[in-house]
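Visitor: I am new here, and I like to know what stands behind each label. Could you take me through them?

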Amino acid sequence: MRIIALLTSLVLFSTYTFAEPFVNKNNSKTHFTEKKTLLQHYFLMFPPYWQEEENNEFTGLHYRLAQKLYQHANLNVEFINVPYQQLQYQVAQGKTAFINYGETKKVRVNDNFHDCIPPIPITLRVYYIKEDLPQLMSMEEFTNKNIIVMHAIPLGNFEGLKSDKSINLMRPRTIEAAIQGLKRNRGDYFIVYENIMIDAQKRFFSGAHQQLKSYPLMTILGYPIVTPKTFPGGEKICAKVSASYKELVNKGVINEKYRILTSDLNELTSVD
């Protein structure tokens, strides 16, 4: 079936292009409750956009965005975290109203999905402080280097760096700890998605004697919410989400540039 062939080419926010998926093996569910027809949003783990907390609870920048949009659109949506193969099957069978994914250049996604909100570029970047460091662009070039990566955040095509024993790897759980690693020379290169490094220079460097520099490694176009065209009535429910998105952008609840809640953006850019 064509939809299955398409999905094998997509980057569903942590599969294939994002290497090993972060999967809740219990197919955990969480509900946003309204007294309407129950719809389903199947998703895969991709921190910090979709991630798991303790006790099978979920969170993330796009998870909270989706919750807000479904609430405003008066939709009853059940979030279900599943393995990639099950998500692929459910989409092909027309069983799920919403998914999220990342686009590759070879795929004409508009032929198969309704875009409920505009996509956003998601770029994996390398951050560094030291002067005259070479810009490394391949897996092989990072061999024997001192690298910092965030705990539990995937690296896409560069996921293999985590298992390269020649690399001196630091894996902090917070951006603040990673920046301290750069400042204290525990790592030369910090690899992370730019969407969570907003205003990093202002937030973490009080003086002008150190400048945080960066360059891109890879970019995908991320779609936080789409409706498969296999889902009956999908265009109509996707239009409701789109209308809610536009209204919440106009009200300042959603930041249009970053496609996240304004409250989350304020948290990301706060200076302690």
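Guide: We will take a few labels in turn and set each against its definition.

Visitor: What kind of model is this, and how are the residues numbered?

Guide: This is a predicted model, in which local features need pLDDT of at least 70 and side-chain atom pairs count only at pLDDT 80 or more, while totals for chains, interfaces and linings use all residues. Residues are numbered from 1 along each chain as its sequence is written, and side-chain values use heavy atoms, with hydrogens and water left out.

Visitor: How many helices and strands does the chain have?

Guide: There are 7 helices and 14 strands in the chain. Both are DSSP runs numbered from the N terminus: helices are H or I with at least four residues, strands are E with at least two.

Visitor: What makes strand β11 largely enclosed by the rest of the structure?

Guide: A residue is buried under 20% relative accessible area, exposed over 50% and partly exposed in between (1.4 Å probe, protein chains only). In β11, residues 189-193, 5 of the 5 residues are buried, so the strand is largely enclosed. Y189, I191 and Y193 point one way, F190 and V192 the other way. In a regular strand, side chains alternate between the two faces of the sheet.

Visitor: Which strands pair with β11?

Guide: Pairing requires that DSSP finds at least two bridges between two strands. β8 (residues 120-128) has 4 bridges to β11, in the antiparallel sense, with L124 opposite Y193. β9 (residues 146-149) runs parallel to β11 and is joined to it by 3 bridges; here V149 stands opposite I191.

Visitor: How do you know that the length of helix α2 agrees with its expected span?

Guide: The expected span is 1.5 Å times one less than the number of residues. For the 12 residues of α2 (residues 61-72) that gives 16 Å, and the end C-alpha atoms are 17 Å apart, which agrees. Among the buried residues of α2 are L61, Y63 and L65. After α2 comes N74, with a positive phi near 60 degrees.

Visitor: Why is the link of C116 and C238 called a disulfide?

Guide: A disulfide is a pair of cysteine sulfur atoms within 2.5 Å. The sulfur atoms of C116 and C238 are 2.2 Å apart, so the pair fits that rule. C116 lies in the loop between β7 (113-115) and β8, and C238 in helix α6 (residues 234-250), so the pair ties together parts that are 122 residues apart in sequence. Both C116 and C238 are buried.
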